Amino acid sequence: DGHASIDFSTLTRQTGHTGLDYGFVNTASTKSEITFIDGDKGILRYRGYPIEQIANSCSYLEVAWLLIYGELPSATELAEFDEKIRRHTLLHEDLKHFFSALPHTAHPMSVLSSAVAALSTYYEGETDVNNPEHVELNMVRMLAKLPVIAAYAHKKSVGQAFLYPDNSLSFVDNFLKLNFGVHSEPYEINPVMSRALELLLILHEDHEQNASTSTVRLVGSTGANQFASISAGIQALSGPLHGGANEAVLTMLGQIRDSGQSVQRFVERVKNKEDGVKLMGFGHRVYKNYDPRAKLVKAAADEVLTELGVTDPLLDLAKELEEIALADDYFQERRLYPNVDFYTGVIYKAMGFPTRMFTVLFAIGRLPGWLAQWRELNLDPQTKIGRPQQLYTGSREREFRRN
Ligand code: ACO
């Protein structure tokens, strides 16, 4: 893809010159074989496979395997992987006390991140980053348990009892049941919901060196284990400029609706940067043409809402907002298009997830990418501790004297 002739080893040599690059707009922090993005052409490929081909023909776990190991799994490999993950879904019973110690108002992203950090305490002596068996086992543990933790964060926030995982179900169906099933009542899987959630999770699985993945890598570069690195990644994802945008989009749409203001007026406020208001779910550091994931999500939103028999005026509002923004010079000049977060919330809402769970769903989606990137870093002999330079702009040397 045009990079083949670059000698990456020269890029890591110290030159003695420090460049200032706010937000790392022009600085590569690593080389990677996992995900390719061409932001100008709107291309996203996992291990070389176009996202459009992957999205509708694979399962979440199949894509996870692809991202982690570099090839699509054989039927036997996938069945074994799936089975291993089903066997590791249970959380230690003591971890339930952890959830009960937190207020029911806790944001599920904080619960998720803290619980992942806490999870490592159950595996003392089994988190050696130089032991491949530990690394493999902890990937399986994390893939199996993160959905359970996420569902418990949800149940806690709505005051319902936790359910045990039902390992006769697929990864996605199990997750739906853990969230929406109620004790002692049968839970019927809705195949439309199941397939839609699988698609959304797949679309989020990896996105090269975004802020949360870079966080996972930075923490991992210190030799910290997968639990520590991914717990930090979840915190980075929670910000409204990153994964938290899916929650922020729904909040924004609700505010526009409740304000009684026209969409046009809201767009004017964004353009005038009134109170720093932004069009959430728009713009991307890398995509300057369109976000291929957003295209797939927009198509799915219509389909899923129709199939679920849900009509949501917020979807119409989102479409009107997109139409007005795309026709406007402000957005055209800055090459701002809907990103993956713009339409996902409407689908999650139709499924019955509360707004505060949206970024948690993103985290479950992104987990395979974080694990794959952590593993790539861990196996790369060129890995060094991440340690950016700074340009010091404070006082030179001063004589110590109190005022
Ligand atoms: N609404 C209004 N104006 C915007 C938006 C937006 N959503 N995004 C960028 N701009 C404007 C900026 O104000 C800036 O204008 P200026 O030149 O007049 O100052 C110009 O476009 C360039 O934007 P930057 O902030 O420099 O772009 P950057 O690459 O640093 O930021 C980001 C990218 C953070 C995604 C930004 O577009 C944004 O804040 N979007 C809204 C939040 C969002 O949806 N985040 C999710 C991103 S995707 C993901 O993480 C999964």
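## Helix α3, a three-stranded sheet and a ligand site

Ala64 has its place in helix α3, which comprises residues 60-69. The model that holds this helix is a predicted one. Ala64 is buried, and its relative accessible area is 0%. When residues up to four places away in sequence are left out of the count, Ala64 touches Phe81, Glu205 and Pro368. Of these contacts, the one with Pro368 spans 304 residues in sequence, although the C-alpha atoms of Ala64 and Pro368 are 5.0 Å apart in space.

The sheet comes next. Three strands make up an open sheet in the order β1-β2-β3, and their pairing is antiparallel. Its edge strands are β1, residues 35-38, and β3, residues 49-50, each of which pairs on one side only. Strands β1 and β2 run antiparallel and are joined by four bridges, whereas β2, residues 43-46, pairs with β3 in the antiparallel sense over two bridges.

Individual residues show how the strands are set against one another. Thr35 has Tyr46 in β2 as its bridge partner, and Phe36 has Arg45 in β2 as its partner. Arg45 also stands opposite Pro50 in β3.

Both connections between the strands are hairpins. In the hairpin formed by β1 and β2, four residues lie between the strands, and Gly42 in the turn has a positive phi of about 70 degrees. In the hairpin formed by β2 and β3, two residues lie between the strands, and Arg47 in the turn has a positive phi of about 50 degrees.

How do the side chains along β2 divide between the two faces? They alternate, with Leu44 and Tyr46 pointing to one face, where they are buried, while Ile43 and Arg45 point to the other and are not buried. In β1, Thr35 and Ile37 point one way and Phe36 and Asp38 the other way, yet all of these residues are buried. The bridge between Phe36 and Arg45 thus joins a residue that is buried to one that is not.

The ligand is surrounded by 21 residues, of which the closest are His242, Lys278, Leu279, Gly281 and Arg285. The residues of this shell divide into 11 nonpolar, five polar and five charged. Polar contacts to the ligand include those in the following table, which come from side chains and from the backbone.

| Residue | Protein atom | Ligand atom | Distance |
|---|---|---|---|
| Lys273 | side-chain N or O | oxygen | 3.0 Å |
| Phe282 | backbone N or O | nitrogen | 2.9 Å |
| Asn339 | polar side-chain atom | oxygen | 2.9 Å |

On its own the ligand has 920 Å² of accessible area, and the protein covers 73% of that area.

Note on methods:
Residues are numbered from 1 along each chain as its sequence is written. This is a predicted model: local features need pLDDT of at least 70, side-chain atom pairs count only at pLDDT 80 or more; totals for chains, interfaces and linings use all residues. Side-chain values use heavy atoms; hydrogens and water are left out. Two strands pair if DSSP finds at least two bridges between them. A residue is near a molecule or strand if one of its heavy atoms lies within 4 Å of it. A polar contact is a pair of N or O atoms within 3.5 Å; within protein, one must be able to donate a hydrogen and the other to accept it, and residues adjacent in sequence count only if both atoms are side-chain atoms. Accessible areas come from the Shrake-Rupley method with a 1.4 Å probe; for residues, only the protein chains shown count as cover. Ala, Val, Leu, Ile, Met, Phe, Trp, Tyr, Cys and Pro count as nonpolar, Asp, Glu, Lys and Arg as charged, and the others, Gly among them, as polar. Buried means under 20% relative accessible area, exposed over 50%, partly exposed in between (1.4 Å probe, protein chains only). Contact means heavy atoms within 4.5 Å.
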